[in-house]
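Dear colleague,

Please find below the sequence and structure for your review. A summary of what was found follows directly after them.

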Amino acid sequence: MKITSVDVIECRPNVMGSVIYVRINTDVGISGFGEVGLSYGKAHYAGVGIARDFRALIIGKDPMKAEAIWEMIFRSTFWGMGGGTVINAGMSAIDTALWDIKGKAYGVPVYELLGGKTNEKIRAYASQLQFGWGPEHLFLTDPKDYAKATRDALDEGYTAIKVDPMGVTDEGKWARESGGPNWKMRGKLNNRMLDTVYARTEAMRREGGDDLDIIIETHSYPDLHTGIQLGRCLKPLNIYYYEEPCNPLNVENMLEIHKALPYIALASGERIYTRWGFREFLEKHVLQVIQPDLTLCGGISETKKICDMANIYDAAVQIHVCGGPISTAAALQVEAVIPNFLIHEVHVGAIKTEMRKLCKHDYQPVNGEFDVPDLPGIGQELTDEAIEEALHVYVIQ
């Protein structure tokens, strides 16, 4: 079997941005899909570009040799060993598409090729409730609205939620873009902010009760001291784990937060790439929950290795999922296999109609749990309509 062509598909924008896909085609009629995890943030065109750059390297290669192709891109492109967000996003999409092809060629889901299931059901949580939980994308300010979003998730069967309680200002704006002098997320937090953050989170705790698992997300906006201050403020609310409380590339600062807040598990990973990136965090026991994003950290091949390495250090895994349906399906394949799986992320953007219509299958949790797709490969493909309506489809043969 040989790779004959590669398509880079730039889908139309939605609430999560323009999702970028790679479709690898072979001379036996089998195609595999992978996702470039750069639809959100400000690196979209870089994501399209790196997929276009790398695809020429794999024409004529045997798609069954995913490990050899990963090593070739990593070792021979000069930038591969330097890594970083864009490079690894391109590698990730190609690698996932190759695993999709292999599963289809053998007629089995990818989880069978990775070692078989250790998890029959995949527990999930409703993510980013500061934007509400439902068809409308909101910016919540009032604690009562945070309670309502919690109730909306509970009514769908979720037993865990995630929120960034300071990501939206009290004026209803996304703080990263318009925080202003009264809503600073670095340095010492003022009492007004602390009171607001606590009230929002406390409203969610009251609505969900003691058994609800609440994950706190801060998107790395705080610095070392702010991260500690916020963690201490929320201590009475029994937080499940605390995500990205400071810059994700500063191991020592993250370690200081862990020492200062021993009662809260720390999590990070969406901006940490490959085994080399996670190594120091694990060796120093900084993270109790790792969050590799398989559309960014190196694909299915590298995600499985990262998870296995984490298992040595007793770190649990929540694969980061903040993209389209391809990333969801691929994550479920890995999560079914790894013994240190903790929980799966369902981003509020993933439940929007325009995102769910991109692919042939609409995988959603039932009563807060997923069944793992049993179709060959990753079990997901773009619809013909999504490809026809894409902004661009770049083809190389």
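In this predicted model, 5 bridges join strand 1 (residues 3–10) to strand 13, and the two run antiparallel. Within this pairing, aspartate 7 stands opposite valine 395 of strand 13.

Strands 1 and 13 belong to an open sheet of 4 strands, arranged in the order 3-2-1-13 with antiparallel pairing. The edges are held by strand 3 (31–36) and strand 13 (392–396); each has a single partner strand, so one side of each is left without a neighbour in the sheet. On average, neighbouring strands of this sheet are turned by 20° against each other, direction ignored.

A helix also meets this sheet: helix 12 (residues 325–335) lies across strand 2 (20–26) and strand 3. Its direction is at about 105° to that of strand 3.

Helix 12 also has a part in the second topic, the internal space. The search returned 1 cavity of 30 Å³ or more. The largest cavity holds about 160 Å³ of space. Its lining comprises 19 residues, and those nearest its centre are Pro325, Thr328, Ala350, Tyr363 and Gln364. At least two lining residues are supplied by each of helix 12, strand 11 (344–347) and helix 13 (353–356). Strand 11 provides the largest share, with 4 residues. Sorted by class, the lining has 8 nonpolar, 8 polar and 3 charged residues.

When you examine the model, you may wish to begin with helix 12, which lies across strands 2 and 3 and also supplies at least two residues of the cavity lining.

With kind regards

Definitions and conventions: Residues numbered from 1 in each chain as written. Predicted model: local features only at pLDDT ≥ 70, side-chain atom pairs only at ≥ 80, totals over all residues. Heavy atoms only, no water. Pairing = 2+ DSSP bridges. Axes fitted to C-alpha atoms, helices over the stretch in contact; angles between N-to-C directions. Contact = heavy atoms within 4.5 Å. 1 Å grid on protein atoms, 1.4 Å probe; cavity = no way out; pocket = protein on both sides within 12 Å on 5 of 7 lines; lining within 4 Å. Points joined across faces, edges and corners; volume = space filled by probe spheres on them. Nonpolar A, V, L, I, M, F, W, Y, C, P; charged D, E, K, R; others polar.
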